[in-house]
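Got your viewer open? Here's a short walk through the structure, one selection at a time.

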Amino acid sequence: MQTGDRLHWWQTRSFVAAVALAACVPLLWPGIPPLVDLPGHMGRYRVQLAIDAYPHLREWYDFRWQLIGNLGIDLLVVPLERVVGLELAVKLIVLTIPALTVSGLLWIAREVHGRIPATALFALPLAYSYPFQFGFVNFALAMALALNLFALWLRMARLGQLRLRTIVFVPVSCLLWVCHTFGWGVLGVLAFSAEMIRQHDKRRGSGVRHWLEAWVRAGLGCLPLALPMVLMVFWRSGDHVTGQTADWFNWRAKFNWLAMVLRDRWMAWDMASATVLFLILFKGVRDERIEYSRQLGLSALFLLGVFILLPRIVFGSAYADMRLAPFMLAIAVIALRPRRGLSFRGAATFAALGLVFFGARLAGTTWSFWLYDREYDRVLTALDHVPRGARIVSFVGRRCQDDWTYSRLEHVPALLLTRRLAYTNDQWSMAGGQLLTVRYRPAMGFAHDPSEIVTDRRCRGEWWRPVSWALGAFPRDAFDYVWLLNPPAYDPVLNTGLTPIWRSGRDVLYRIDDRSVTFEVRNGVISAR
């Protein structure tokens, strides 16, 4: 594979550019990328851009600019929105994330192995991993950037540009931290592991003492990445910061995150695809034709250690360990390379199979996103019936059981805020975690996320409410409309005083015409009064 100067088809720059552009295909058709949390984030972007022009937004939300490690797209939409509008600005930014992820993985593989190994193509479907599908867009953008910055870190070391690397990475690491703290942390882990191998090989030797010396020198070499530690201290030590860190060593959840790295719509297809990744990793252990790079192998082991130690909730932000799982696997996959002596036919076969795998996943994701986009288009016709500045309480149904296929409607109500400057009850409100908090007190317990999620019964360990309780208890004086999306079955008497003005299947938009209605339950029977 490495014989001669000729590059094979999967090792050329034109191939890397082609697959990076191909990674954008699933996102081309949908007007709004159908990522679970993204519509909620878009509502926040609308507030930050319009709060000075529309005073009624200040009655509902408190928005204050401050330096936190979670501002990637929040900052990028400010100049872009003026040129192309908010929704297209968000779409264009999100479009770059899979492309940057693909280019970053292949660039790292090229820097470590000298050329892109054929096996690296199997890692490319992880550009649409579950955390990205979930809509953790600032995180996903930071991770895509971190991969490319790690490749740059390796390249500058290979070229001996260590002083220039120090100069470049002091400000760059701060910018990455501002995009999202997680990306900066992962870059630090990757850079440290690579620097440790470099220092070890630079001073040839063996034994524990030699490795300890390499450990110390690697830490010193990574000091250009350390300045964001100061920013972190200031951010997380303020009185305004809320959020707990909890759920340590939840082994069942961690195994689930590994199984769900490619979760999208079809469980059998997604699980089979994840199995392919694990088989490739196992093949690197058992197949004498393939081996692991020491450098990226160590990086993958370090990420595995972080994955094990990370709790599920960090500073109130959920799914911390889940977010790392696909990138840990991606680094492990690109750590693989064919051994010297493998024929071109054998290497080309690996590359062809990897490209087919990537293409099949892209085709499935494109189809899935098209179906989600049709669902968005259907329910968003309700927005034509809502005046600007209205107050809407939304209830989106889901089951206690975690169904593999998300409806992706959980934060669609935030598009009322995006397009109609209306109040919605699905915004996150966690001081210190983001720039927006909810201040609309009349909404009481229905002011912010997760009050928009309703179920058919009370779910153990969740804050979600049964739909019957929510419809009977929300303060009618605080709202003008009720929007039900995919609601569980409930007693129609709870619609008393509500007038339907839009309906599509089970989804319905009600106008609140009688605010004096109350309900009582006797012997399991609900009655209005």
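Start by selecting D321, which you'll find in helix α15, residues 320–334. Keep in mind as you click around that this is a predicted model. Is D321 buried or exposed? Its relative accessibility comes out at 0%, so D321 counts as buried. Now show what surrounds it: setting aside neighbours within four places in sequence, D321 is in contact with K254, W257, F307, L310, P311 and R312. For a sense of distance, pick the C-alpha atoms of D321 and A335; they are separated by 21 Å, with the two residues 14 apart along the chain.

Next stop, a helix pair. Select α7 (residues 137–158) and α8 (residues 162–179), whose axes come within 11 Å and cross at roughly 175°. That angle makes α7 roughly antiparallel to α8. Turn on side chains to see who meets whom. The α7 side includes L141, L145, L149, W153 and M156, while the α8 side includes L164, V168, F169, V172 and L176. Sorted by class, the contact of α7 with α8 has 16 nonpolar residues, 1 polar and 1 charged. If you want to look for the charged one, try R165 in α8, which is part of this contact.

While α8 is on screen, click C179, another of the residues meeting α7. C179 has a relative accessible area of 7%, so it is buried. What about C24? Its sulfur is 17 Å from the closest cysteine sulfur, the one in C179, and that is too far for a bond. C24 is buried as well, at a relative accessible area of 13%. C179 itself is in no disulfide, and the nearest cysteine sulfur to it, in C174, is 13 Å away.

Now for the sheet. Color the strands and follow the order β9-β8-β6-β10-β12-β11: these 6 strands form an open sheet with mixed pairing. Which strands stand at the edges? They are β9 (465–466) and β11 (498–504); each has a single partner strand, so one side of each is left without a neighbour in the sheet.

At the β9 edge, select β8 (residues 453–455), which pairs with β9 in the parallel sense over 2 bridges. T455 has P466 in β9 as its bridge partner. Bring in helix α16 (residues 344–379) too: this helix packs on the sheet, touching β10 (481–485), β11 and β12 (507–512), and its direction makes about 145° with that of β11.

Hop over to the β11 edge, where β11 and β12 run antiparallel and are joined by 6 bridges. L498 is bridged to I512 in β12. Zoom in on the hairpin between these two strands, with 2 residues between them, and you'll see G505 taking a positive phi near 65°.

Last selection: C400 and C459. They form a disulfide, with sulfur atoms 1.9 Å apart. The pair ties together distant parts of the chain, 59 residues apart: C400 lies in the loop between β6 (392–397) and α17 (414–420), and C459 in the loop between β8 and β9. The torsion about the S-S bond is about -80°, so this disulfide is left-handed. Switch on a surface and compare the two ends. C400 is partly exposed, with a relative accessible area of 25%, whereas C459 counts as buried at 5%. How many disulfides does the count come to? Just 1.

Note on methods: Residues are numbered from 1 along each chain as its sequence is written. This is a predicted model: local features need pLDDT of at least 70, side-chain atom pairs count only at pLDDT 80 or more; totals for chains, interfaces and linings use all residues. Side-chain values use heavy atoms; hydrogens and water are left out. Axes are lines fitted to C-alpha atoms, for helices over the stretch in contact, and angles run from 0 to 180 degrees between N-to-C directions. Helices (H or I, at least four residues) and strands (E, at least two) are DSSP runs, numbered from the N terminus. Angles under 35 degrees count as roughly parallel, over 145 as roughly antiparallel, 65 to 115 as roughly perpendicular and the rest as oblique. Contact means heavy atoms within 4.5 Å. Two strands pair if DSSP finds at least two bridges between them. A disulfide is a pair of cysteine sulfur atoms within 2.5 Å. Buried means under 20% relative accessible area, exposed over 50%, partly exposed in between (1.4 Å probe, protein chains only).
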